Amino acid sequence: MRRIVLISFCSLFSIISYAQSEDFHKVYEACKLAQSSMSLGEGSQNEIVEAASLLTSLRWAPLILQEFDIKHEASMKNHLVFSPEFLSDVAKKRSVYKRAKEYAKEQIATQRGGDVKLCTKCIKGEGKVIYAMRHRGGSFNVAAVAEVNGLINLSVIVKDTNGNESKPYKTSSEEFKGASFRKLENIQVPKGNSKVYISIENKSKKDRSVAIIVE
């Protein structure tokens, strides 16, 4: 009987973990869709509506990051905000880019629930920013999606309770020129009061906004 209960519990845990991972991947794909929908500066209205609808339907919460090194952070004005409200208004042909900063603030204020967290930051051309967040341990997923024509690199360093730092976790493909989106999965964080440092490098010459997704 115990064995049956244990198997059932393990199966349920696997389903929950899979569901959480699915939420992460879906939010990531929705941000990629938002990126591609704005190609050529005009965008495909159908794709914009689809991206907005997808982000609205998914469970995610605003991501609040600690500012570790943000001297290369740029203004959100005239840049894409990865939020359903922003995308919905773009689809309606409203002039929203001048109010991008307000949309980013509204995104932080909105509570949607879920283990996946999302925010939008803007990085200066050829600049690099580092954010930090606390983590109690276990598997950690992170992804970044640049707005259209953006090229980025993403790396993570984990510091445990004793101050020991991990090697940098990163994707080395096209590291010199960057890529339009990056994803790092299943980073194992030690149990306790660990800290995760997320570095994003803008390889573009111009300022670019970036969606940051974590689970």
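1. Salt bridges. The chain has 6 salt bridges, where a salt bridge is a side-chain nitrogen of Lys or Arg within 4 Å of a carboxyl oxygen of Asp or Glu. This is a predicted model: local features need pLDDT of at least 70, side-chain atom pairs count only at pLDDT 80 or more, and totals for chains, interfaces and linings use all residues. Residues are numbered from 1 along each chain as its sequence is written, and side-chain values use heavy atoms, with hydrogens and water left out.

2. K159 and E165. These two side chains form a salt bridge at 3.7 Å, N to O. K159 is partly exposed, at 25% relative accessible area. E165 is exposed, at 52%. The cut-offs are under 20% for buried and over 50% for exposed, with partly exposed in between (1.4 Å probe, protein chains only).

3. E174 and K177. Here the salt bridge spans 3.6 Å, N to O. Both ends are partly exposed: E174 has a relative accessible area of 45%, and K177 has 49%. The backbone of E174 also deserves a look. Its phi is positive, about 50°, although E174 is not a glycine. Most residues other than glycine have a negative phi. E174 sits in the loop between β7 (169–170) and β8.

4. E201 and K203. The closest N and O atoms of this salt bridge are 3.5 Å apart. K203 is partly exposed at 27%. E201 is also partly exposed, at 28%. Side chains of opposite charge can pair when their charged atoms come close.

5. Overall make-up. The chain holds 4 helices and 10 strands. Helices (H or I, at least four residues) and strands (E, at least two) are DSSP runs, numbered from the N terminus. From the N terminus on, the order is α-α-β-β-α-α-β-β-β-β-β-β-β-β. Of the 215 residues, 43% are buried. About 11800 Å² of the chain is exposed, and carbon and sulfur atoms supply 52% of that area. Accessible areas come from the Shrake-Rupley method with a 1.4 Å probe; for residues, only the protein chains shown count as cover.

6. Contacts along the chain. Take the contacts with a separation of 6 or more: residues 24 or more positions apart account for 81% of them. A contact means heavy atoms within 4.5 Å.

7. The largest nonpolar core. This core has 30 residues, and V27, C31, L87, L118 and I213 touch the most other members. Two or more residues each come from α1 (2–37), α2 (45–57), α3 (84–91), β3 (117–123), β5 (138–146) and β10 (208–214). Helix α1 gives the largest share, 7 residues. A nonpolar core is a set of buried Ala, Val, Leu, Ile, Met, Phe, Trp, Tyr and Cys residues joined through side-chain atoms within 4.5 Å.

8. C31 and a second core. Leaving aside residues up to four places away in sequence, C31 touches F82, L118, V145, A211 and I213. Apart from the largest core lies another, of 24 residues, including V142, L154, V189 and V210.

9. Helix α3. Its buried residues are P84, F86, L87, D89, V90 and A91. The helix is largely enclosed by the rest of the structure, because 6 of its 8 residues are buried.

10. S37 in helix α1. S37 belongs to α1 and is buried, with a relative accessible area of 0%. A polar atom of the S37 side chain lies 2.7 Å from the backbone oxygen of A34. That is a polar contact: a pair of N or O atoms within 3.5 Å; within protein, one must be able to donate a hydrogen and the other to accept it, and residues adjacent in sequence count only if both atoms are side-chain atoms.

11. The open sheet. It has 5 strands in the order β1-β3-β10-β5-β8, with mixed pairing. The edge strands, β1 (61–62) and β8 (181–189), each pair on one side only. Two strands pair if DSSP finds at least two bridges between them. β5 and β10 run antiparallel to each other over 5 bridges. A146 has V210 of β10 as its bridge partner.

12. N149. This residue lies in the loop between β5 and β6 (152–159). N149 is not a glycine, yet its phi is positive, about 70°. N149 is exposed, at 62% relative accessibility.
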